[in-house]
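Hi everyone, thanks for making time this morning. I'd like to walk you through one structure, so please have a look at the screen and keep it in view while I talk.

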Amino acid sequence: MNEEKQKQLESFADRLLEKAAEMNSLANEIYRLIGSSCTDELEESVPTLKEYTKIVVETEEENSKTIASITADDIDPSEGFRVRMTPRYD
């Protein structure tokens with residue numbers, strides 16, 4: 001993989017992680033605003049990591065390449081990539 005393509009993929013992965021953190025933050029704000037009476041119903045319909053065993057981030061090529069594998073116990077990025085995590089602040 002050439003250096004330019006790798007940098008582009010890193011940028012996409014960073015943007016994806018930032019958007020995921022932003023969505024998590026917005027969901028937490030919605031839960032806070034609507035109160036606990038509706039929270040239980042929403043939690044049942046919103047997918048969470050506890051419903052999955054692994055998240056795999058990969059390219060869209062015909063012979064896709066794995067960028068990162070994320071499980072509850074491990075984060076395994078491919079060489080040249082990083083995974084940033086945002087803690088829950090509520």
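Of the 90 residues in this protein, 14% count as buried. Please keep in mind that what you see is a predicted model. As for contacts, take those with a separation of 6 or more: residues 24 or more positions apart account for 33% of them.

Now the layout. There are two helices and three strands, and reading from the N terminus the order is α-α-β-β-β.

Let's look at the strands. They form an open sheet in the order 1-2-3, with antiparallel pairing. At the edges sit strand 1, residues 55-58, and strand 3, residues 75-77, each of them pairing on one side only. From one strand to the next, the twist averages 10 degrees. Strand 1 is joined to strand 2 by four bridges, while three bridges join strand 2 to strand 3. Between strand 2 and strand 3 there is also a hairpin, which connects them through four residues.

So how enclosed is strand 2? Four of its five residues are buried, so strand 2 is largely enclosed by the rest of the structure.

Two residues of strand 2 are good ones to click on. Let me begin with Ala68. Val57 has Ala68 as its bridge partner in strand 2, and on the strand 3 side Ala68 has Pro77 as its bridge partner. If you like distances, try Ile55 and Ala68: 13 residues separate them in sequence, and their C-alpha atoms are 8.1 Å apart in space.

The second one is Ser69, also in strand 2. Is Ser69 buried or exposed? With a relative accessible area of 17%, Ser69 is buried, because the cut-off for that is under 20%. Opposite Ser69, in strand 3, stands Asp76. If we leave aside neighbours within four places in sequence, Ser69 is in contact with Lys54, Ile55, Val56, Asp74, Ile75 and Asp76. Ile55, one of those contacts, belongs to strand 1. Ile55 counts as partly exposed, because its relative accessibility is 32%, which falls between the 20% and 50% limits.

Let's move over to helix 1 and find Asp14, which lies there. Here is a charged side chain that counts as buried, because its relative accessibility is 16%. Which residues does Asp14 touch, not counting those up to four places away in sequence? They are Arg82 and Arg84.

Arg82 takes us to my last stop, the cavity. How many cavities of 30 Å³ or more does the count come to? The count comes to one, and about 70 Å³ of space lies in it. Its lining is made up of Ala13, Leu16, Leu17, Val57, Ile67, Ala68, Ile70, Phe81, Arg82 and Val83. Two elements give two or more residues to that lining: helix 1, residues 3-34, and strand 2, residues 66-70. By class, we have nine nonpolar residues, no polar ones and one charged residue.

You'll notice some names coming back. Ala68, with bridge partners on both sides, is among the lining residues. Arg82, one of the residues that Asp14 touches, is in the lining as well.

That's my tour. Thanks for listening, and I'm happy to go back to any of these views.

Methods. Residues are numbered from 1 along each chain as its sequence is written. This is a predicted model: local features need pLDDT of at least 70, side-chain atom pairs count only at pLDDT 80 or more; totals for chains, interfaces and linings use all residues. Side-chain values use heavy atoms; hydrogens and water are left out. On a 1 Å grid over the protein atoms alone, a cavity is a set of points where a 1.4 Å probe fits but cannot get out, and a pocket is an open set with protein on both sides within 12 Å along at least five of seven lines; lining residues have an atom within 4 Å of a point. Grid points are joined across faces, edges and corners, and a volume is the space filled by probe spheres set on the points. Two strands pair if DSSP finds at least two bridges between them. Axes are lines fitted to C-alpha atoms, for helices over the stretch in contact, and angles run from 0 to 180 degrees between N-to-C directions. Buried means under 20% relative accessible area, exposed over 50%, partly exposed in between (1.4 Å probe, protein chains only). Contact means heavy atoms within 4.5 Å.
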